[in-house]
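Student: Before we start, could you put the model up, so that we can go through its salt bridges and then one of its sheets?

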Amino acid sequence: MMMMVMAFSVLLYLELNQIRMMMEIRNKIDYTYSIVGFFTLLTLLEHGYSHKTPNNDGKRLSKDRPEIFFDTRMIPERVVKNIYIYKSTKNLFAFLKETADSRLSITVTPCASDINWRVIFKRLHSNSQFESAGTPVSQSLALQNFSGDASNTYQEKEGRKGLYIVELEAITSETYARVYVTTTPDIDSIFPLPPADNHLNITMKAAKDVSVTWKPSLSSTNKIKYCVSFSRKRQFYTNCGVLAHFHGDAKPTLPPHTGFGFKEEKKKRLLRKSAKPIRSAPKGHIFYDCVGSKLSYTFKKGKPGRKYFINVFAINSTSNMSISYAGVQVKLKRNKKKRFVVKENKVQTLVIKRRKIPKLYFSLSRNVKALNLFLQACGDVMKIRVTKSKQKTKVIRSSITFFRKLVLKDLEAGNYQIRVSRDKKNHGLQQSLTLLLQDSSSHIDVPRLPHNAKITVLSNSTLCNQVTISWNATEKTQRYCVYKSKIPKIIPEIRANRKVQPQCIAVASRKKLAKLFCKVANKQKVFTETIDKLTPGTSYMVSVYVGLREREMFAYQSVFVTTKSYC
């Protein structure tokens, strides 16, 4: 009991005076605190608080009376203590070993942050006399230093009799750490035993999926469960570490009935209120799952081309202590870029949904004097560059505002690439590029658009249930088809404010448009048509398409019109 009292006095002295000899301070108030602490600890000892033997009584008392640990900072044996560590602050805890020539193990498991920790030994003499400052005569010896975010254990096969002080300091952020002390071989039963080969095996890797397997723990299988983590940023070497970053940490709390009324305790309470535990990682940065006794896992939520750090933890379901397998990192495969092959004499539409535009290719098996490339851009100004694939020889370079015909001259047999780029982000309803590649000597007919391919709304003829539109035609005999679509009223206003490029809906993208009628004209210069059976006060988008026979190919610039609400 006397050794326990001396141990508490030493620990109290280390905290109040930053590990300096108390003999240097002749402050009566601090001395009073030491005496009060002495008698308070004596009272606790009278109520049965002891580390004399590693039996279940010590474990039961620590669970029933958690305030004892917070007040004395004496680590009980064979009980996992979850300690909150402040950044750049040394946190001192102690374990009193009252017998010699027995094994000692001190295991510290950091969670949210890397930590520095070390073990200091103080030999206490039971026959020593208290100095004037109340400090027992003792000798201190630094035993071992540890650093990092992995679990480490300090061990002595024949531990000495005395006070073992554990000093912890957080490095990256404030964090919790788990401390476990034992003088018996039960550490092997509390922590799962790692397999001889603790490496992870990647058995399958695809663009979005990856499968991993591992060897079983050597511990009893009915007590062990496995959990897997996939992280985009880093490896995790402890299970509590990945959980801290996955869920975020909570502020430290004190059990009831703590404190002796010391002045320093008020500062500690204020420190706890100002604690800054880490927050949870952004959604999608960490994936965590427990698989029971299974020895494999397939992750199916990956993103192509992204790197992931994989960790597996074996957890003792009884003690909740865990070990980590050797982590591995893997980079998922990228999706194969789809080649958009442009074929001769075929109208094709490239629908652009993302910022990146795929490259377009076409091949020639012969030398060609001239190729006609018809292009219609809907939604944005597009830049076109045609090059020969291997030599990267420029064939032509141009920009497409709405519709254009390019002539590619003197082409040799081989592969060619069409690069498409945009000047700015599209604000239109749809963005697409319609292409038609044709040998200039071909006799296959192609429809034409007039120089002015705008649709005009005759405002004087707009009523509650009908509108009148007109558009220019060509002298060529062609087929013109009119479509309409009901749209929110705000869209025309947004377009007017943004001053976007001429908008059209490609033939391949007009699924939501309702076909009204078609007209075939020969040498007719202007069409004027009335659309009826409309809803009052409703906005519509009207589109016109030109084609030959039953096949429509190119679009006019769509127009927005709103019927009157009252007539």
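**Salt bridges and a sheet**

Tutor: Glu 552 is buried, with a relative accessible area of 10%, where buried means under 20% relative accessible area, exposed over 50% and partly exposed in between (1.4 Å probe, protein chains only). This is a predicted model, in which local features need pLDDT of at least 70 and side-chain atom pairs count only at pLDDT 80 or more, while totals for chains, interfaces and linings use all residues. Residues are numbered from 1 along each chain as its sequence is written, and side-chain values use heavy atoms, with hydrogens and water left out.

Student: With which side chain does Glu 552 meet in a salt bridge?

Tutor: A salt bridge is a side-chain nitrogen of Lys or Arg within 4 Å of a carboxyl oxygen of Asp or Glu. For Glu 552 the N to O distance is 3.6 Å, and the partner's side chain is that of Arg 479.

Student: How many residues apart in sequence are the parts that Glu 552 and Arg 479 tie together?

Tutor: Strands (E, at least two residues) and helices (H or I, at least four) are DSSP runs, numbered from the N terminus. Glu 552 lies in strand β32 (residues 551-555) and Arg 479 in strand β28 (residues 478-487), so the parts tied together are apart in sequence by 73 residues.

Student: Which residues are joined into one network with Glu 552 by salt bridges that share partners?

Tutor: Arg 479, itself buried at a relative accessible area of 14%, belongs to this network. Salt bridges that share partners join Glu 552 with Arg 479, Arg 510 and Lys 515.

Student: Is Asp 149, which meets Arg 234 in a salt bridge, buried or exposed?

Tutor: The side chains of Asp 149 and Arg 234 meet at 3.1 Å, N to O. Asp 149 lies in the loop between β5 (138-148) and β6 (152-159) and Arg 234 in the loop between β11 (224-231) and α6 (239-247), so the pair ties together parts that are 85 residues apart in sequence. Arg 234 is partly exposed at 26%, whereas Asp 149, with a relative accessible area of 15%, is buried.

Student: Which are the edge strands of the open sheet that contains β8 and β3?

Tutor: Four strands form this open sheet in the order β1-β8-β3-β6, with antiparallel pairing, and two strands pair if DSSP finds at least two bridges between them. Strand β3 (residues 102-110) and strand β8 (residues 175-182) pair over six bridges. The strands that pair on one side only, and so form the edges, are β1 (81-85) and β6.
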